Amino acid sequence: MKTTLLAPAILLPALAFALAAMHLALASPLLAQPTVSGESWQTLEYGDLTVTAFSDRTGTMPYSIFFDISAEDFAALAKAGGSPSEGELASWINFFLVEKGDRVFLVDTGVGAGPGIVPLLRAAGREPGTVTDILITHFHGDHIGGLLDKDGGTAFPAATLHTPRRDEEYFIPADGTDVPGTELARKVTLPYRDAGRYQAFEPGGRMATGVKSSSLWGHTPGHTGFLFESSRGPFLAWGDIVHAYLVQFARPEVTLSYDVDRPAAAETRRRVFNEAADTGYLVAGAHLPFPGVGQVTRQDGAFSWIPFHPAGAAGGGGASGGAPVE
Ligand SMILES: [Zn+2]
């Protein structure tokens, strides 16, 4: 399968594209190559990890949900990045299957509306019964929506569901009260609890051999990244560190109405960008352009996203729908 590495869209001039591509070819550890791909999924090998990205759906985000940026600056960044609209930005909802040895990790589950995500997995040749662990970055509906089958049972019959305890405490308050999202959080976790396949984890702990959690709180109290060791280097599934790549790499301080603690979300974003740029992590993001895999670079203090795209999948591919990104 022919592959293309695209320069960040904010570096639109052809020269910048060529330089970025050259830089990647010479210096980047991002040498993963896709082995198979479809319209809504893409598999790549990264050392001893096999990572499959799934596109649950795409949509748009209007300026009105953003904070800490003027409408003029927002429009300018959208325009510079080639957005068809200067008043709204494209959005993606991705989730990831990570195969490591005899363990199969599903990182988040998308919105999962309609037929759910099982058909997506099957399209990529993956059976839901082979998933051993589901790792949830946080309790928003575009991450936990695909946990159940159409009958309300667990969509993954052998998997243990791992959720961040601080999100469990926030979204499913012990005193029985509700916050936005409580009803869904209760509903999708209950069948896993009943089946004895539910574990809430503390931040920073080891999830399995070579897999640990990392607190990325701010977007939600328990927002978590999962760091996988591989023979090619670290792979970080960072959940919702970025919602709008055209704006937030250039302006990490920009937040959204979905952020539970906006200052903390911005601070965490800047910290993770620096770590990712310093270490060369391969990164996977739930709301980055499909397949949502790439690297962060930093030059003169400014961050850029170096995406990894299959040829012929321009526009992100995948299913489309109007569900909001959270
Ligand atoms: Zn989200």
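**Hairpins, core and helix α6 in a predicted model**

Q: In the hairpin that β6 and β7 form, which residue in the turn has a positive phi, and of about what value?
A: In this predicted model, strands β6 and β7 make a hairpin with two residues between them. Five bridges join the two strands, which run antiparallel, and Glu99 lies opposite Val104 of β7. The turn residue with the positive phi is Gly101, at about 60°.

Q: Through which helix does the chain cross from β7 to β8, and what is the handedness of this β-α-β crossover?
A: Strand β7 (residues 103-107) pairs with strand β8 (residues 133-135) in the parallel sense over three bridges. Within this pairing, Val107 stands opposite Leu135. The connection passes through helix α3 (residues 118-123), and the crossover is right-handed.

Q: How many residues of β7 are buried?
A: A residue counts as buried if 20 or more other C-beta atoms lie within 10 Å of its own. By that criterion strand β7 is mostly covered, and the number of its five residues that are buried is four.

Q: Which strand gives the largest share of the largest nonpolar core, and how many residues does that share hold?
A: The largest nonpolar core has 79 residues, and Val51, Phe96, Val107 and Val247 have the most contacts inside it. Its largest share comes from strand β6 (residues 88-100), with eight residues.

Q: Which residues does Phe96 touch, not counting residues up to four places away in sequence?
A: Phe96 is among the residues with the most contacts inside the largest nonpolar core, as are Val51 and Val107. Both of these recur in the list of residues that Phe96 touches, which reads Val51, Thr52, Ala53, Val107, Ala237 and Ala284.

Q: Over how many bridges do β4 and β6 pair?
A: Strand β4 (residues 49-62) also pairs with strand β3 (residues 41-46), in the antiparallel sense over six bridges; there Glu45 has Thr50 as its bridge partner. The β3-β4 hairpin has two residues between its strands, and Gly47 in the turn has a positive phi of about 60°. Toward β6, the bridge partner of Ser55 is Asn94. The β4 and β6 strands run antiparallel, and their bridges number 13.

Q: Why does the length of helix α6 agree with the expected span, and what is that span?
A: Helix α6 (residues 182-194) has 13 residues, and the rise is taken as 1.5 Å a residue. The end C-alpha atoms are 18 Å apart, which agrees because the expected span is 18 Å.

Q: Which residues of α6 are buried?
A: An α-helix has 3.6 residues a turn, so residues three or four places apart point the same way. The cover over the buried residues of α6 includes α4 (141-144), β9 (160-164), α5 (165-171) and β10 (198-201). The buried residues are Ala185, Val188, Thr189 and Tyr192.

Q: What separation do the C-alpha atoms of Phe67 and Leu256 have?
A: Phe67 is in strand β5 (residues 66-67) and is partly exposed, with 13 other C-beta atoms within 10 Å. Leaving aside neighbours within four places in sequence, Phe67 is in contact with Thr255, Leu256 and Arg262. Although Phe67 and Leu256 are 189 residues apart along the chain, their C-alpha atoms are separated by 5.6 Å.

Q: Over which residues, beyond 1-35, does pLDDT stay under 50?
A: The chain averages a pLDDT of 85, and 83% of the residues score at least 70. Over residues 1-35 the pLDDT is below 50. Another stretch, with 37 contacts beyond four places in sequence, stays under 50 over residues 310-323.

Technical notes
Residues are numbered from 1 along each chain as its sequence is written. This is a predicted model: local features need pLDDT of at least 70, side-chain atom pairs count only at pLDDT 80 or more; totals for chains, interfaces and linings use all residues. A nonpolar core is a set of buried Ala, Val, Leu, Ile, Met, Phe, Trp, Tyr and Cys residues joined through C-beta atoms within 7 Å. A residue is buried if 20 or more other C-beta atoms lie within 10 Å of its own, exposed if 12 or fewer, and partly exposed in between; C-beta atoms are placed from the backbone. Two residues are in contact if their C-beta atoms, placed from the backbone, lie within 7 Å. The expected span of a helix is 1.5 Å times one less than its number of residues. pLDDT is the predictor's confidence in each residue, from 0 to 100. Two strands pair if DSSP finds at least two bridges between them. A crossover is right-handed if, with the strands pointing away from the viewer, the path from the first strand over the helix to the second runs clockwise.
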